[in-house]
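User: I would like a close look at one part of this model, namely how its pieces are arranged and where they touch. Please explain each term as you go, since I am new to this.

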Amino acid sequence: MTAPRILLAGDAALVVEFGDRVDPALNREVRALWRAAERAAIPGVLDLVPTYRSLLVSYDPLTTDPDELRERLLEIDAEKGSLDPAASRLVRVPTAYGGEFGPDLPFVARHNGLTEAEVIEIHSGTDYLVYMLGFSPGFPYLGGMSPRIATPRLTTPRLAIPAGSVGIAQQQTGIYPVESPGGWQLIGRTPLRLFDSGRQPPALLEAGDSVRFVPISPEEYFEIERGVRSGLEALAEGDGGAA
Amino acid sequence: MIVARVLDGGLFTTVQDLGRVGCMRYGVPPSGAMDRAACLAANALAGNAPDAAVLELTLVGPRLEFTAPATIALAGANLGAHLDDEPFGCWRAATVRAGQTLWFAGPEDGARACLAVHGGIDVPIVLGSRSTYTRARLGGLDGRPLAAGDRLEIAGDVPRILADARQLDPAECPVYGHAHDIRVIPGPQDDRFTPAGMATFLSSTYTVGAGADRMGYRLAGPRIELADGADIVSDGSPAGGVQVTGDGQPIVLMADRGTAGGYVKIATVITVDIGRLAQAVPGDTVRFRAVTIAEARTALREHAAWLERIGSTVTGTAGATAAARRRRAAAAAAAAVARILAGR
């Protein structure tokens with residue numbers, strides 16, 4: 001890999017750019033630099049934001065010289081090595097497909113000339129890469145969905161989509177972390193909380209994780225949901241931190 | 001303790017501080033006061049720490065009835081503040097009595113004011129900050145703007161009063177006006193624009209659109225020519241980033257911006273001018289001027305010195321007294337060290 005480009009983003013941030021495409025290898029370079037820069041704990045650096053293809057480095061402009069920071073980042077990049085594949089997490093996301101949890105599953109099946117069971121099998125039969133978080137708190141940009149279940153967005157977006165909904169929009173699949181309006185085709189729902197501001201870290205997933213959707217029954221959905229809720233209650237009472 | 005009842009929330013009044021640091025990786029924007037200088041100044045005048053939470057008022061301020069004595073300070077936009085029947089000037093602190101009402105007649109200069117209460121507005125800290133991010137209902141007062149019936153609280157259970165009313169020298173108070181000269185540094189994607197596109201951006205007058213809010217300032221004006229379309233694979237959103245959409249119009253990314261975006265960014269507003277842009281109201285005009293990093297740093301240092309002066313030269317302040325005491329103590333310590341070393 002050639003050295004990245006380092007671009008000015010005003011007087012308080014630099015962008016370390018590895019390319020302009022969606023590519024797991026390129027994203028791995030971004031994450032390797034992210035991890036290495038975090039370990040380096042560069043004084044004056046306030047935030048590191050990994051994306052598909054670049055790392056945004058925010059710094060305190062009163063104490064940090066961008067030329068020196070640029071040199072330091074290039075040094076760290078040259079020495080960063082590659083990420084240990086064994087260190088990446090596989091996060092299983094239990095998902096109830098169809099029915100009230102995924103009202104658009106029949107449409108996605110029809111659109112692709114498949115049965116509902118085949119859509120579930122294809123969607124849950126692949127591991128997805130979390131390229132980055134963004135769009136809304138805790139929202140994972142997932143890569144790796146089979147084109148066999150690609151489906152256009154709804155023509156009229158829904159006003160309120162429940163948190164945890166798993167959807168498809170064109171070639172992408174995603175999970176809504178919080179209740180929000182949206183136009184994705186909903187095929188299922190997970191009882192896990194993707195974002196909880198009282199948790200550390202607040203997001204369930206992070207860039208570089210692998211995600212596997214695991215089909216569960218409605219009964220299992222409600223059982224896990226009760227568990228998640230009592231865990232949150234315990235957290236709210238202050239005794240859940242160690243649990 | 002409760003210091004005030006909200007009789008009317010105003011247009012969009014939220015609790016803000018200096019924002020969340022280190023949460024963009026989770027998709028959580030920094031939020032915080034749009035005009036940081038106004039937040040810092042209000043806190044300095046009210047005798048607070050710089051990161052105390054304040055109310056950020058937008059164009060139409062709230063109506064607050066104080067239920068306990070309190071020292072309050074206003075900085076930033078002049079929104080026509082009144083305490084009961086008397087005008088309440090901006091960039092000053094004053095002690096109010098229980099039963100008095102603070103209200104706002106309407107915007108006179110600027111868009112956003114910060115109202116600090118001595119002791120700091122007390123709401124739970126969420127992800128390291130008290131700032132409100134309404135889109136995800138995070139922080140502040142249940143993650144939403146103030147509404148009638150809300151109560152404002154400060155920490156502790158006794159009223160906190162600052163002995164002397166502080167006021168900024170009127171010569172030091174900013175005037176925002178309606179034509180804004182905003183300095184930018186080209187990039188990060190300036191190479192995605194034609195030379196003519198960059199020239200248009202830097203020589204034209206843009207108008208602030210009606211939808212300008214905490215997320216972004218959408219501007220309208222001459223079309224900025226793109227070299228190769230407006231779309232990029234999403235990358236991080238810096239504060240003040242100037243996105244250009246497919247129709248060639250700029251949007252400046254503000255405190256509640258999406259953490260990543262897929263539009264090309266022609267330039268980035270320098271730190272000092274982000275807060276000045278936040279004082280622009282719909283219909284105001286903006287002209288962008290390219291500067292170097294060195295010029296941006298000089299502007300930032302001057303700005304920091306100005307803020308320092310607010311913290312120390314305001315009339316008769318407890319803070320300044322403490323600072324003077326610290327300076328005297330430091331000088332005495334330095335003299336003692338020099339005396340001892342002189343004998344060796």
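Analyst: Domain bounds are taken from an automatic or database domain assignment, and for chain A this assignment gives domain 1 (5–86) and domain 2 (88–237). The model is a predicted one, in which local features need pLDDT of at least 70 and side-chain atom pairs count only at pLDDT 80 or more, whereas totals for chains, interfaces and linings use all residues. Residues are numbered from 1 along each chain as its sequence is written, while chains are lettered from A and ligands numbered from 1 in the order in which they are written.

Taken over C-alpha atoms, the centres of domain 1 and domain 2 of chain A are separated by 30 Å. Eight residues of domain 1 of chain A are nevertheless in contact with seven residues of domain 2 of chain A, where contact requires that the C-beta atoms of two residues, placed from the backbone, lie within 7 Å. On the domain 1 side of this contact, helix α1 (residues 24–40) of chain A gives the most, with three residues; helices (H or I, at least four residues) and strands (E, at least two) are DSSP runs, numbered from the N terminus. By class, that side of domain 1 of chain A has five nonpolar, two polar and one charged residues, with Ala, Val, Leu, Ile, Met, Phe, Trp, Tyr, Cys and Pro counted as nonpolar, Asp, Glu, Lys and Arg as charged, and the others, Gly among them, as polar.

The helix α1(A) also meets another helix. Two packed helices are described by the angle between their axes and the distance between the axes. The axes of α1(A) and helix α2 (residues 66–79) of chain A come within 9 Å and cross at roughly 120°, the axes being lines fitted to C-alpha atoms over the stretch in contact, with angles from 0 to 180 degrees between N-to-C directions. That angle makes α1(A) oblique to α2(A), because angles under 35 degrees count as roughly parallel, over 145 as roughly antiparallel, 65 to 115 as roughly perpendicular and the rest as oblique. In this contact, L33(A), A36(A), A37(A) and A40(A) of α1(A) meet L73(A), I76(A) and D77(A) of α2(A), and these residues divide into six nonpolar, no polar and one charged.

Chain A touches chain B as well, with 37 residues of chain A in contact with 35 residues of chain B. On the chain A side, two or more residues each come from β1 (5–8), β2 (13–17), β3 (45–50), β4 (54–59) and β6 (128–133), and the largest share, five residues, comes from β3(A). The residues of this side of chain A divide into 25 nonpolar, seven polar and five charged.

Two details of the backbone of chain A complete the picture. Most residues other than glycine have a negative phi, and most peptide bonds are trans. F135(A), in the loop between β6 and β7 (140–143) of chain A, has a positive phi of about 70° although it is not a glycine. Q200(A) and P201(A) are joined by a cis peptide bond with omega about 0°, and P201(A) lies in the loop between β12 (185–189) and β13 (210–216) of chain A.
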